[in-house]
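Trainee: Could you take me through one part of this structure slowly, the open sheet, and then show me what lies around it?

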Amino acid sequence: MTTYDAIIVGSGAGGGTAARVLTKRGMRVLVFEKGPMRRPDEFLPYDELHFGEHMPLTPNKNTDPLIYIDPTGKRKAVERWWIGNMVGGATMLWEANLPRYTAEDFALLDVMKEAPAGTSVVNWPWTYDQFQPWFEMAEWEWGISGQTPPPGTEHMQEPVRSGYQFPMPPLRPHASTPFLLWAFARAGMKPFPSPRGINTRTYNGRPACPYCGYCQSFGCAVNDRASSTNTVLALALQSGLCTLKTGHCVTRILHSKGRVEGVAFKSDPAGAEQTVKAKHVFVSIQAIESTRMFLISGIPDPNKLVGRYFTYHTKGSAELTFKSQPVWDDGPQRLFQPRTSLGSLQMRDLYVIRDKKRPELTKGGKFSIYDPFTISPLIKCVSRTGGATKPKDLWGKQLVDRLVELRNQGGVMFSFTGETMSTYDNRVELDDQVKDPWGLPVARVVYKHHDYDMQISKYCLERVCQIMTDSGGEVRKLEPQGAANEGYGHNHGSLRAGADPGKSVLDTNCQSHTVHGLYVLDSAFMPTAGASNPTLTQIANAYRVCHSI
Amino acid sequence: MTLFTADVPAWLQRPAKGYLTPAEIAQVDAIFSRILPADHARQIPGAVEAGASSFVSELLAMDAAVYWEIPNWRTLYRAALPALDDYARANFQAALVALTDDQMNSVIGGLEAGSLAGFSAAIDQKLLFTTLRRHCIQGCFADPRWGGNKNKVMWRGIGYLQPAEDLYHDNL
């Protein structure tokens, strides 16, 4: 019988990276993936109704939901659109927007000075500088295209080591970019092209992006968009030391006397539970799910911290239209790419808020800046847009008016990713009523955004809307974060890492304080939420942890 | 000879026959004509010429394996269309398909607000509005392979994946 040095639960961002690093170091690993292997051609034909609206690649809320308890105590089954049930997990469906967390995320308490009432604000037990080599490793193995900050602008985007370059230049800019750069420059702000796990030229045997216009929530049939499957997991499988079991669901982590022993699993929802042993078990199935696994497995929790301090990101969005700007097109010699959201700008000038009128606001967040018309295919664009006199759900004349604007006028959409306060009451627990197809209790999330989250979302959106209206924009939609959050792809913090076993679930190497050999490599480890897309930092952490096992 | 037929997934196979009767399609057209009305002066095609009602009819004829809500929608349309017709006859003394634009707007606005008095209590008005609006937009803007957006008329009118076309004025 084959024996394994390590078992990895989940084949996505964390699991694939673990498989890569551990096999590189000569360890024999077994990777469990609940879903099937999907080939790129299974994502064709690109079709918004099927992949975007009917969502066949994510769990169905009738059979495999998340239960959400809203701030009024009401219970609701929620669709988990952020889970990809296949080899590679959600990295098969993401937009691969991969910025680094920075010093402001690693040391939130330094930025805020004091925690707002009712929150738990801590500094991470690592520094940005300590993570820097792991960020670089992640960027080169996953294949990032982007532009490092030009001299003098290091404070306006994620700083890098002097002379460092991403492996590929940034994506072709969106046609709105020159106008937006001009408008923000008038306010002293400097958006920049986002670092993306999307090839801009042939890299690691995968082609460059053809700008097809179908990205987030679609599988990439071209294979230019990085996933665990086509980067790190592919390398692990090539080593001959990695066994991948698809359609296998881990049902429990086996442990005894403070040591991990292996996992129990099923190869069929109706089948019998089997077991496999190993001295190391790495769980990386997104924060909510890894917390559920801890609770189902009875991982000792003497301080009642498992599932606590759970965070979603603070969101918010705004849409504007410009009478003075013709609709964005691809320009002379197809200089721009008008048909996809990929050439989006990022804007970090409100990452830290220093406004004398609002001294209580300190840590803010980041914007992704898109064109509302082309951020996603048309059904989504038209369904969610707002009008001049109606904020959403347009129909009739108001819908026609908006369609004319979308066709004729340039527009912009802002998507805010903000810092989020950690509170003890925001938590992941096991539901006592609903079971998933494998017979396991589903996760239940109790979540309410802190007033601080809602304040920064509103403040930052109003700031960018003001800058845009100063340049001729008219607001068509303005949706700051409310208290409720039904669920989001950025989920973290529910298995906090830290040096003090009395205040954290994982140690500083993301190993359980109570079960030796059990590691967590998804974003559950994050002591605070941070204010950017979390996955690159999660991947960098997996490189860091797996190099020191 | 056709290659690979055995591998064509269910969602790519067009149903042989739609689910709705011609009378029901006319009712859906009457509603959709106000959710996304044509405005040829401004070069915006409407839901009726896009064939959004054929989209609904074909979608409802598909299997639950294509999308789990399809059976619920069959029930909803079969209950809601007669209920809306009853409402039209009781309040406007006319069939649903014979309502004026203003009358139909007031019906749709009433569903949106959940405020149609005397409407069938068995039907959630707001859910019905959301479903009708969603299907109308999908039938207009989805790929033509689903039976709506005929000849890509909406994509051509709006300028999606291609520059917007002049659909209704003679090229001078």
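Mentor: Sure, let's start in the middle of the sheet, where β13(A) and β14(A) run antiparallel and are joined by three bridges. Keep in mind as we go that this is a predicted model. In that pair, Q346(A) stands opposite S368(A) of β14(A).

Now step across to the other neighbour. β14(A) also pairs with β15(A), again in the antiparallel sense, and here there are six bridges. One spot to look for is K366(A), whose bridge partner in β15(A) is T417(A). As a bit of background, strands of a sheet pair through backbone hydrogen bonds, either parallel or antiparallel. And how covered is β14(A)? Mostly: six of its six residues are buried.

Zoom out and you can place these strands in the whole sheet. It is an open sheet of six strands, in the order β5-β13-β14-β15-β12-β18 of chain A, with antiparallel pairing. The edges are β5(A), residues 192–193, and β18(A), residues 473–480, and each of them pairs on one side only. Helix α6 of chain A, residues 177–185, packs on this sheet and touches β12(A), β13(A), β14(A) and β15(A). The direction of that helix makes about 15 degrees with that of β13(A). Over at the β18(A) edge, the partner is β12(A), residues 316–326; those two run antiparallel and share seven bridges. Look there for A318(A), which stands opposite L478(A) in β18(A).

Next, the cores. In soluble globular proteins, nonpolar side chains tend to be buried together. The largest nonpolar core here has 99 residues, and those with the most contacts inside it are I7(A), I8(A), V9(A), A19(A), V29(A) and V281(A). Helix α12 of chain A, residues 535–546, gives the most to this core, with seven residues. Pick V9(A) if you want one residue to click on: leaving out residues up to four places away in sequence, V9(A) touches several others, including F32(A), V250(A), V263(A) and F282(A). Apart from that core lies another, of 83 residues, and its members include M413(A) along with L116(B), L132(B) and A142(B). M413(A) takes us back to the sheet, as β15(A) covers residues 409–418.

That second core brings in chain B, so to speak, and the two chains do touch. Their contact takes 23 residues from chain A and 25 from chain B. On the chain B side, α1(B), α5(B) and α6(B) each supply at least two residues, and α6(B) gives the most, with five. The residues on that side divide into 16 nonpolar, six charged and three polar.

What is chain B made of? It has seven helices and zero strands. Its radius of gyration is 17 Å, close to the 16 Å that the globule rule gives for 172 residues, so chain B is as compact as a globular protein of that length. Its C-alpha trace spans about 55 × 50 × 25 Å along the principal axes. Buried residues make up 37% of the 172 residues in chain B. Finally, take the contacts in chain B with a separation of 6 or more: residues 24 or more positions apart account for 60% of them.

Technical notes: Residues numbered from 1 in each chain as written. Chains lettered and ligands numbered in written order. Predicted model: local features only at pLDDT ≥ 70, side-chain atom pairs only at ≥ 80, totals over all residues. Contact = placed C-beta atoms within 7 Å. Helix = DSSP H or I, 4+ residues; strand = E, 2+ residues; numbered from the N terminus. Nonpolar A, V, L, I, M, F, W, Y, C, P; charged D, E, K, R; others polar. Pairing = 2+ DSSP bridges. Axes fitted to C-alpha atoms, helices over the stretch in contact; angles between N-to-C directions. Rg over C-alpha atoms; globule rule 2.2 N^0.38 Å. Buried ≥ 20, exposed ≤ 12 C-beta atoms within 10 Å, placed from the backbone. Core = buried A, V, L, I, M, F, W, Y, C linked by C-beta atoms within 7 Å.
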